[in-house]
Amino acid sequence: MEQEFHEQTKRVNYPFTAIVKQDKMKMALLLNVINQQIGGVLIRGERGSAKTVAVRALSDILPEIDVVKDCRFSCDPINISKMCTPCREQYDQGKKLPVVKRKMRLVELPIGTTEDRVVGTLNIELAIKEGIKALEIGLLAEANRGILYVDNINLLDDHIMDVLLDSAAMGVNTVEREGVSVSHPASFILIGSMNPEEGELRPQLHDRLAFHVEVKGSGNIRSRLQIMKQTMEFERDPIYFKKLYEESDNEIARSIISAQKILPKATIKEEFLRIIARMCIELDVDGHRPDIIITRAAMTKAASDGRKTVTEEDMVFAAELALGFRMRRTPFEDAALGTSKFQQVLDHAKKLEAESKKKKRAKKQSSPPASLKAQSTQRKAGGKTKK
Ligand SMILES: [Zn+2]
């Protein structure tokens, strides 16, 4: 298992910044790396549209994280609530946890993999005596605090998919065998890619991945030529080609780290939150998750641009990534050319918000002054106490 993982990391990946166009996909991936709370990406597109290339390219620009040395679950040495049992025990005994730095990991989950390989295997006899130490870890443990990538996610066995989604939602993987159960932290960014021609994803799964991105082959001759030439150059000498993009890839890696520093200080105006809520109502989306995803994504987009305050553009960008597939109603079918549909939805939500403010103001003006109101409520209260 370990060996397989190391072999994966040895492969020379195509440089992230050498990927031609596909800006929305690249940004969807980067925003998820900057802010793990966004909730994953689904990349949909025909075969050969660089979906897997882009995700693998990501692994070389991932930031370093602090992990507890020798912990099989890569525990965060300062996050007590998400520690595995052995780390937590050491922490509780007042022992200092040794810390090492290593790159955030990208773990691939191949189609046709077994449940044991995903969740891990448990030796029952040992587990009774030793608990979690008896677990031979699976992919969920390896992916903790990293990225779990599933190519052809639409072809993944239903049962494995359920295990993945449970773990993604809870941040914990529980292995149960014959009444013995052990758990360990398993928080990861779930990235899936699929070719819709090979079958759709179960509808309930759609909602579990925060962003959906559609990728297409380019219809532009210049881009196609550039892709052809670069692919041939890369195949001829991957290491040399990689060097050519080293500096631009490093720059992206640095920008991820600086965005992560800005993110906790990012703010969004109350008025913008109201506009996001209105957009979601207008588009008749399910539940409240989309509102939260848009808000998080807009704040992360601001941070990725080096800003602490969210702009309207951030909201439109976030809505495009989060709402495209969630809308049950598609307003503005006759969308004006040149303006994005989501810009129009935002403009409409802004208009509604302005009207509602105006109404509130008018209501305030027509109601009695505050002093009179206070007197009347006092009188009422007084009346009650007399009784
Ligand atoms: Zn640990």
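This is a short walk through a predicted model of one chain, from its overall make-up down to a few single residues.

Okay, housekeeping. Residues are numbered from 1 along each chain as its sequence is written. Since the model is predicted, local features need a pLDDT of at least 70 and side-chain atom pairs count only at pLDDT 80 or more, while totals for chains, interfaces and linings use all residues.

So, confidence. pLDDT is the predictor's confidence in each residue, from 0 to 100. The chain averages 88, and 89% of its residues reach 70 or more. The pLDDT is below 50 over residues 1-9, and that stretch has two contacts in the model beyond near neighbours in sequence. By contact I mean that two residues have their C-beta atoms, placed from the backbone, within 7 Å. Over residues 379-387 the pLDDT is also below 50, with zero contacts beyond near neighbours in sequence.

Now the overall picture. We have 17 helices and eleven strands. These are DSSP runs, numbered from the N terminus: H or I over at least four residues for a helix, E over at least two for a strand. Of the 387 residues, 35% count as buried. Buried means 20 or more other C-beta atoms within 10 Å of the residue's own, exposed means 12 or fewer, and partly exposed is in between, with C-beta atoms placed from the backbone. Among contacts with a separation of 6 or more, 76% come from residues 24 or more positions apart.

Let's go to the sheet. In what order do the five strands sit? The open sheet reads 4-7-10-1-11, with parallel pairing. Pairing here needs at least two DSSP bridges between the strands. Strand 4 (106-108) and strand 11 (211-215) are at the edges with a single partner strand each, so one side of each has no neighbour in the sheet. On average, neighbouring strands are turned by 20° against each other, direction ignored. For angles in general, axes are lines fitted to C-alpha atoms, for helices over the stretch in contact, and values run from 0 to 180 degrees between N-to-C directions.

Walking across from strand 4, three bridges pair it with strand 7 in the parallel sense. Leu106 has Ile147 of strand 7 as its bridge partner, and Ile147 in turn has Ile189 in strand 10. Strand 7 and strand 10 share six bridges, again parallel. How many residues of strand 7 are buried? Six of its six. At the other end, strand 1 (residues 41-45) is joined to strand 11 by five bridges, and Leu42 stands opposite His212.

Two helices pack on this sheet. Helix 2 (residues 23-34) touches strand 1, strand 10 (188-194) and strand 11, and its direction makes about 155° with that of strand 11. Helix 3 (residues 51-58) touches strand 1, strand 4, strand 7 (146-151), strand 10 and strand 11, at about 160° to strand 10.

Next, helix 8. With 13 residues (158-170) at 1.5 Å a residue, helix 8 should span 18 Å, and its end C-alpha atoms are indeed 18 Å apart. That expected span is 1.5 Å times one less than the number of residues. Which residues of helix 8 are buried? Leu164, Ser167 and Ala168. Seen down the axis, they fall within an arc of 100°, so they line one face; the arc is that of the directions from the helix axis to the C-beta atoms. Asp158, His159 and Ala169 are exposed on the other side. The cover over the buried residues includes helix 7 (139-142), strand 8 (172-177) and strand 10. Right after helix 8 comes Gly171, with a positive phi near 75°.

Helix 16 passes the length check too: 26 residues (341-366) should span 38 Å, and the end C-alpha atoms are 38 Å apart. Its buried residues include Phe342 and Leu346, and their cover includes helix 13 (270-282) and helix 15 (312-323).

Last, some backbone oddities. Most residues other than glycine have a negative phi. Lys21, though not a glycine, has a positive phi of about 55°, and Gln22 has one near 50°. Lys21 lies in the loop between helix 1 (2-10) and helix 2, and Gln22 is in the loop between helix 1 and helix 2. Buried or exposed? Gln22 is buried, because 22 other C-beta atoms lie within 10 Å, whereas Lys21, with 15 C-beta neighbours inside 10 Å, counts as partly exposed.
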